[in-house]
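Visitor: I should like to learn how to read the features of a structural model, one at a time. May we begin with its helices?

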Amino acid sequence: MSIFKKLSQRVILNDHEDFLHKARIWFPFALVTGISVGLLMALFFIFMTLIQRVASYLHPLLAVTIGSLFVILLFIIKFEDPTKNGISYVIGKRHTEETIPINEAPKKFLSSGVLIGSGVPVGREAPALIIGSAIAIRIARFFKIPSNRLYQAITVGSAASTGALFQAPFGSAIFAAEVPYKEDADEPILMVAFLASVVAAVTAFQFISAFSKIVTPIDFHIFTLPIKPVLVVNFETATLSILLGAIAGLVGRLFIIYYNWFDRESRRRFSGSTRLLVGLLLALLSLATGILILQDITPFYHISIFDLINKLVIGRQYHVVYLLIPLILVQIISTSSFVGSGFPGGVFAPSLAVGGYTGILFSTFLGVHDPTTVFAWVIISMSATHAATTKTPIASVLLILEISGLPALIIFMVLGNISSYLISGSNSLYKGQIRSRDAKILKQLHEYDRHENLLVKEIMTPRNMTVTVSSTVTLSQAKEKLESSGKREFPVLSESGKVLGMLDLDTAQKHFTDRPQLRISELMNKDFPQINEAMNGKEALYSMLEFDVERAPVLSEENELLGIISIKDIVHRG
């Protein structure tokens, strides 16, 4: 019997004990977390708003450049770490059942507050999740929550932070539970996450209301619709919702493909501050293009993407519909350049913007000019695009409903989200999402403590015993070596010895006869786990499960091959 089958047979829950534990510890913990994170998110929002007001005196490209260079400086002086940014970082900690250090909270507060406030086109949900999770873990320790369950505080802190920041407590709780997985959700802690999210949303709203009265007015709304969208429920609109969902799924897929490509290539070609500078330059070129596109439509200066959508719909400027496609590309490229190169920030608002532009485009092709109907398609498209890019179809419905206050559109949003979810494929913009089967394996393997003590360098097959293949040779030249090695996967090396990808023997064998002159570089898989010898066994196992591979190369800082490791190596040594 395989190790995975043996592990899956283990029994895990006692419902009565779990209920008592939640009532005595988790629910009080949720209340304290909700209040604490709610206050911190209110301060975070106020800080971003004040930075935004200062930046409004500058040209938008200059403001973005200054904010970005400030963050790069934080990286240079080691205050910030580009490897500890984004929701993918939070997801990774959640799955490896590790904690997020409390010192990450002030780092993300400062760097992300300046970056987003200066107008950089990234979302605020990623830094919010890191801040909320770090605070929740510290509070969980105060409540003496067992160390083997501290990781669940990440879900609670994530729900509280997004609930407070977006004033969408129910959708945020579902999002926090749903985002670590591609298929389902973190159900055991969901009720606690709901409580923390609601308390945080109320706390943040009350604090900002008081601040607005006493100090200076703060607009705490993300997306305010000037008119109420209306869409009649019938077979035609239901069918069109599915069609729009499919289109949003394709657009979301484009976003995912480009983001993952840029993330992979920037990691491979550049490092440190050079990678950040390349991302900044590419984003600035993209944003400059956006300004040129919009100069005949509306002043670009310091107008939010949501205000722009309102202006396009209310102004009925449908003669500029041909500009919406390049505008979608500008949003995708600029956001991917920033987030993919390591800047702190998320993809929530950018994915909604892409969805909004797609909805306007869809309405125009339908010949719809009534703003109430156009706004309906815009909202449905926003939800569908977010579902496609994040693989959170349920949370996307609730989040957009709460943010827009439009429960009447729920039927069409569900249809659109399911369609986009299926069309966009299995990947998302959030690296680290895994299947629930793999999550169960990781949870059960967590009981084997030796996986955390085993280092990759202790269990990997070293470089001198690893069979490799050059990227420049053809299949016919490599055939004998591949078939006689007794191996199934091979690291592909450049002429300088750097790892470019992995070659699967089954893939190669399909073309031995019909395409023998095909080069290895054309067949190799460029997407593979970035494993280094300092990782422990659990981290390496999680990384391989994330990429759905059985083995992976072990790399040096210069991307050179040090050896190879497999799931079998880890499990057998554990």
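Guide: Helices (H or I, at least four residues) and strands (E, at least two) are DSSP runs, numbered from the N terminus. The model is predicted: local features need pLDDT of at least 70 and side-chain atom pairs count only at pLDDT 80 or more, whereas totals for chains, interfaces and linings use all residues. Residues are numbered from 1 along each chain as its sequence is written, and side-chain values use heavy atoms, with hydrogens and water left out.

Visitor: How many helices and strands does the protein chain have?

Guide: The protein chain has 25 helices and 7 strands.

Visitor: How should one read the positions of two residues in one helix?

Guide: An α-helix has 3.6 residues a turn, so residues three or four places apart point the same way. In this model, E104 and K108 both belong to helix α5 and stand 4 residues apart, about one turn of the helix.

Visitor: What joins the side chains of E104 and K108?

Guide: Side chains of opposite charge can pair when their charged atoms come close. The term salt bridge is used for a side-chain nitrogen of Lys or Arg within 4 Å of a carboxyl oxygen of Asp or Glu. E104 and K108 form such a salt bridge, at 2.8 Å from N to O. By this rule, the count is 12 salt bridges.

Visitor: Which other salt bridge does E104 make, with K84 as its partner, and at what N to O distance?

Guide: The side chains of E104 and K84 meet at 4.0 Å, N to O. This pair links distant parts of the chain, 20 residues apart: E104 is in helix α5, and K84 is in the loop between α3 and α4 (87-95).

Visitor: Are these charged residues buried or exposed?

Guide: Buried means under 20% relative accessible area, exposed over 50%, and partly exposed in between (1.4 Å probe, protein chains only). E104 counts as buried because its relative accessibility is 2%, and K108 is buried at 0%. K84, at 27%, counts as partly exposed.

A further pair is E265 with R264, whose side chains meet in a salt bridge at 3.4 Å, N to O. E265 is buried at 8% relative accessibility, and R264 is buried at 19%. Elsewhere, salt bridges that share partners join E80, K84, E104, K107 and K108 into one network.

Visitor: How does one check the length of a helix and its cover?

Guide: The expected span of a helix is 1.5 Å times one less than its number of residues. For the 14 residues of helix α5 (residues 104-117) this gives 20 Å, and the end C-alpha atoms are 19 Å apart, which agrees. As for cover, 11 of the 14 residues of α5 are buried; among them are K107, S111 and L115. After α5 comes G119, with a positive phi near 105°.

Helix α13 (residues 324-340) offers a second case. Its 17 residues reach 23 Å from first C-alpha to last, close to the expected 24 Å. Of these residues, 13 are buried, so α13 is largely enclosed by the rest of the structure. Just after α13, G342 has a positive phi of about 115°.

Visitor: Which residues does Q331 of α13 contact, beyond its neighbours within four places in sequence?

Guide: Contact means heavy atoms within 4.5 Å. With those neighbours left aside, Q331 is in contact with P121, I305, P350, A353, V354 and Y357. Q331 itself is buried, at 7% relative accessibility. Between Q331 and A353 lie 22 places in sequence, yet the C-alpha atoms are 7.7 Å apart.

Visitor: How is a nonpolar core recognised?

Guide: A nonpolar core is a set of buried Ala, Val, Leu, Ile, Met, Phe, Trp, Tyr and Cys residues joined through side-chain atoms within 4.5 Å. The largest one here has 108 residues, and those with the most contacts inside it include F29, I100 and Y357. Helix α6 (residues 125-142) gives the most to this core, with 11 residues. Apart from it lies another core of 16 residues, among them I459, I531, V549 and V554.

Visitor: How much of the whole protein chain is buried?

Guide: Of the 574 residues in the protein chain, 57% are buried.
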